[in-house]
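The exercises below are meant to be worked with the sequence and the model open side by side. Each task is followed by a solution that proceeds step by step.

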Amino acid sequence: TLTYPMSASDGSFDDTVEDIVAIIDTSDLEAGDHTIFVESQDANGNWGSPSAVFLNVIFPDYGASLSPDSDSQQADPGQVVTYTLQIDNYGANTDTYTITLESTWEATAPTSIGPIASGDSATFDVSVTIPLSATNGESDTATVQIQSQADQSVTDSATLETTANFYSLSVSPEQGSQYGLPGTDVIYSLQVTNLGNLADTYD
C-alpha cells in the first residue's frame, strides 16, 4: 500500500484536535474515482479508525509538455547542430501544436506538428547553424515554444544552448604518486586527449 506522511497545518502535533495536510502525487493515477484512507496515531502508538476521502482524477481537455526542458551542444563554426525534442499530449483530446523558434544564429524547426492523439507523443528536430564568424566559446541560446492549436493557453518551452568550440583538451590521470630510492628517476606517463574539433599543439 502506498502511504503518504501527513503534517499538522500549524507546524506541530500539540493539540487534542489538529488540522492535518498531505501532498499526494496523482501523476501515475488513472482517470476516475480513487479512495484515500486517512488514519492517525496518538502519542502512545494507538491507531484510530480510518476515514475515507474520495478523489476524482480527471484529464484536462488539452495539455502538452515539451522535453527536454534544456539541452546544449558544441561544434565548429559552420557546422549544423541538431536537437531532438518530444511533445507529450496528456490532454483528453487529439491536438495539433504550433512551434515557434527564436534564435540569434540561423535555426530551423517545423512550424507545426500533429495531430497527436491523447496519451501519445511525437518528436521533431531543431537545427542550429554555428556561423563561420563565431569565435571560440561564443554561444547562442535558442528558445523553442509549443502551443496547442485547440487551446492557446496550453504552452511549454525549451532552451537550447549551442557553443562554438574549436579547442578543448583533457589530461589523465588527474593525479598520481610513486616512490623510489634517492638518485633514481621516477617516471609518470600522462595522456593528452584533444577534445576539440581541430588539430592542436600543446605546451
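## Exercise 1: The largest pocket

Task: Find which strand gives the most to the lining of the largest pocket, and then describe that pocket.

Solution. In this predicted model, β3 gives the most to the lining of the largest pocket, contributing 5 residues. The space in this pocket amounts to about 900 Å³. Its lining is made up of 32 residues, of which Tyr4, Met6, Phe37, Val38 and Glu39 are the closest to the centre. Two elements give two or more residues to the lining, namely β3 (32-38) and β4 (51-57).

## Exercise 2: The five-stranded sheet

Task: Work out in what order the 5 strands of the open sheet with mixed pairing are arranged, and then follow its pairs.

Solution. Begin with the order, which reads β6-β13-β12-β8-β10. Next, consider the ends: β6 (70-75) and β10 (112-116) are the edge strands, and because each has a single partner strand, one side of each is left without a neighbour in the sheet. From one strand to the next, the twist averages 20 degrees.

Now take the pairs in turn, starting at the β10 edge.

- β10 pairs with β8 (residues 95-102) in the antiparallel sense over 3 bridges, and within this pair aspartate 95 stands opposite isoleucine 116.
- β8 is joined to β12 by 6 bridges, again with the strands running antiparallel, and here tyrosine 97 stands opposite serine 148 of β12.
- β12 and β13 are antiparallel as well, with 9 bridges between them, and aspartate 140 has threonine 162 in β13 as its bridge partner. These two strands are connected by a hairpin through 6 residues.

## Exercise 3: The two faces of β12

Task: Sort the residues of β12 into those on its covered face and those on its uncovered face.

Solution. The general rule comes first: in a regular strand, side chains alternate between the two faces of the sheet. Applied to β12, the covered face holds Asp140, Ala142, Val144, Ile146 and Ser148, while the uncovered face holds Ser139, Thr141, Thr143, Gln145 and Gln147. One residue of the covered face, Val144, reappears in Exercise 5 as a member of the largest nonpolar core.

## Exercise 4: The four-stranded sheet

Task: Give the strand order of the open sheet of 4 strands, and state which strands stand at its edges.

Solution. The order is β5-β7-β11-β9, and the pairing is antiparallel. β5 and β9 stand at the edges, each with a single partner strand, so one side of each has no neighbour in the sheet. Between β7 and β11 there are 9 bridges in the antiparallel sense; in this pair threonine 84 stands opposite aspartate 125, and threonine 82 has serine 127 of β11 as its bridge partner. Strand β9 (residues 107-108) is joined to β11 by 2 bridges, and threonine 108 stands opposite serine 127 there.

## Exercise 5: The largest nonpolar core

Task: Identify which residues of the largest nonpolar core touch the most other members, and trace the contacts of phenylalanine 124.

Solution. The core has 26 residues, and those that touch the most other members are Leu66, Ile87, Phe124 and Val144. Two or more residues each come from β5 (64-67), β7 (80-89), β8, β10, β11 (121-129), β12 (139-148) and β13 (155-164). If residues up to four places away in sequence are not counted, phenylalanine 124 touches Leu66, Tyr83, Thr84, Leu85, Ile87, Ile99, Pro110, Ile113 and Val144.

## Exercise 6: Two loop residues

Task: Determine where proline 60 and threonine 94 lie, and whether each is buried, partly exposed or exposed.

Solution. Proline 60 is placed in the loop between β4 and β5. Its relative accessibility is 36%, so proline 60 counts as partly exposed, given that this class runs between 20% and 50%. Leaving aside neighbours within four places in sequence, proline 60 is in contact with Tyr90, Gly91 and Ala92.

Threonine 94 lies in the loop between β7 and β8, and at 47% relative accessibility threonine 94 also counts as partly exposed. With the same neighbours set aside, its contacts are Tyr62, Asn89, Pro115, Ile116, Ala117 and Ser118. Threonine 94 and tyrosine 62, which are 32 residues apart in sequence, are 8.1 Å apart from C-alpha to C-alpha.

Key:
Residues numbered from 1 in each chain as written. Predicted model: local features only at pLDDT ≥ 70, side-chain atom pairs only at ≥ 80, totals over all residues. Heavy atoms only, no water. Pairing = 2+ DSSP bridges. Axes fitted to C-alpha atoms, helices over the stretch in contact; angles between N-to-C directions. Core = buried A, V, L, I, M, F, W, Y, C linked by side-chain atoms within 4.5 Å. Buried < 20%, exposed > 50% of the residue type's maximum accessible area, 1.4 Å probe, protein only. Contact = heavy atoms within 4.5 Å. 1 Å grid on protein atoms, 1.4 Å probe; cavity = no way out; pocket = protein on both sides within 12 Å on 5 of 7 lines; lining within 4 Å. Points joined across faces, edges and corners; volume = space filled by probe spheres on them.
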